[in-house]
Amino acid sequence: MAACAHQLASSPSNMDYQRMDIEKEAPEEVGAVIRYNLSESAISDQTLGSLNISIPTDLVLTYTEHKGSSKIRSSVANASNGALAPDDILVTAGASTSLFIVASALLGPQDHLIITTPNYATNLETPRAIGCDMSVIDLQFESQFSLSITDIANAIRPGRTKLISICSPNNPTGTVIPTTQMRELAVLAKTHGCYLLVDETYIDLMYLENGEAPVMAASLGAHVIGVSSMSKAYGVPGIRVGWLSTTSPALQESFLAAKEQISISGSVLDELVAEQVLARREELLGQTHAEMRCRRAQVASWIQAEADLLEWVPPEAGVMCFVKLKVIPAGGTDMFYQRLLQEHGVYVGPGRWFGRPDTFFRLGFGWPSSKELEEGLKAISAVLRAPH
């Protein structure tokens, strides 16, 4: 028995889990030393009261529908303007669970994955833990983090490439892949027999200056999978409600089987809150968009004033941006982050969270209040301009 246990423990097919920097250094792990949290990629956390949530005392604490609340799935489908149906949606415990389900259901050690970066860390870490072969395509600051379809086409390995994974709207840059390119990418994937995964968590936070309506990824073909969440746009990460979407019945069945083996169903309380929030979707998003445009302008003015030290690619979506240091601060980047936190209580997301040098940092402008954002930006300027 002991020998058998040893063989299982050392099997090369085991998932090789490792904690990610972005989770080890998450604000909730760092603690009370943070006064101005500018590291977040979501709007401010909401409360039951701020969202007018009503929890009936006779709510039965039972299992929910295994695919998730029909009201949630209908709300998500309705946002697609008829492109998707409720049966195309599977509700999960946050987008992170959706991403895990997709990776673990589709990828094995023998498969090849193409992924663009920067990206949400889970999109890289779960395939790494599975042990599949990965081709990473870095989106470059110098090209405005734009996607090259040619680069992806050149990375495809016929017969081996199983999945192409992208993040748009992007975390942490806030950039968006144009719809025309998304359609080209979907065609490319289909031509080579690949699945296409689009982490579209920020689709409800697109600013749409050009008037182009967002296209939900799963509407681009049965081989395309979209993943999203309520955590970022609605300020409710604690209810753990996200979803994946696909028009493929076979994929839906596989993904549902994975969910059932992970959790059977979602939380009846979480899904009740989600239903009530999504019932006010247009109202809440309208308020959020108006406020976040102001916050984005606030950050733009600050970066313009610090143009000798900082540069960025203005975000087209989300409530964060990826700022680049043009000049190394006094003492180096480690000292920069240390002084920000210890002397000013300001926390930003260092570039290493996204596989980039710490001369980049994610700056969130949606989580703090406008006044807290202002104070945090002032502190960053002070540390940047501190004498050597």
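## Warm-up exercises on a predicted model

The protein exposes about 16800 Å², with carbon and sulfur atoms supplying 54% of that area (Shrake-Rupley method, 1.4 Å probe). This is a predicted model, where local features need pLDDT of at least 70 and side-chain atom pairs count only at pLDDT 80 or more, while totals for chains, interfaces and linings use all residues. Residues are numbered from 1 along each chain as its sequence is written, and side-chain values use heavy atoms, leaving out hydrogens and water.

### Exercise 1: the whole protein

Task: Work out how many helices and strands there are in the protein.

Solution. Start with the count: 14 helices and 13 strands. These are DSSP runs numbered from the N terminus, with helices being H or I of at least four residues and strands E of at least two. Next, take the share of buried residues: 54% of the 388 count as buried (buried is under 20% relative accessible area, exposed over 50%, partly exposed in between; 1.4 Å probe, protein chains only). Finally, picture the box: along the principal axes, the C-alpha atoms fill roughly 60 × 55 × 50 Å.

### Exercise 2: two helices that meet

Task: Find the angle at which the axes of α5 and α6 cross, and which residues make the contact.

Solution. Pick out α5 at residues 94-106 and α6 at residues 121-130; their axes come within 10 Å and cross at roughly 35°. Such axes are lines fitted to C-alpha atoms, for helices over the stretch in contact, and angles run from 0 to 180 degrees between N-to-C directions. Now list the contact (heavy atoms within 4.5 Å): α5 brings Ser96, Leu99, Phe100, Ala103 and Ser104, and α6 brings Thr122, Asn123, Thr126, Pro127 and Ile130.

### Exercise 3: unusual backbone spots

Task: Say which peptide bonds leading to Pro169 and Pro172 are cis or trans.

Solution. As background, most residues other than glycine have a negative phi, and most peptide bonds are trans. Step one: Ser168 and Pro169 are joined by a cis bond, omega about -5°. Step two: Asn171 to Pro172 is cis as well, with omega near 25°. Step three: place them. Pro169 sits in the loop between β5 (161-167) and α8 (179-191), and Pro172 lies in the loop between β5 and α8.

Task: Decide whether Arg240 counts as buried, partly exposed or exposed.

Solution. First find Arg240 in the loop between α9 (231-234) and β8 (242-245). Arg240 is not a glycine, yet has a positive phi of about 55°. Its relative accessibility is 34%, so Arg240 counts as partly exposed.
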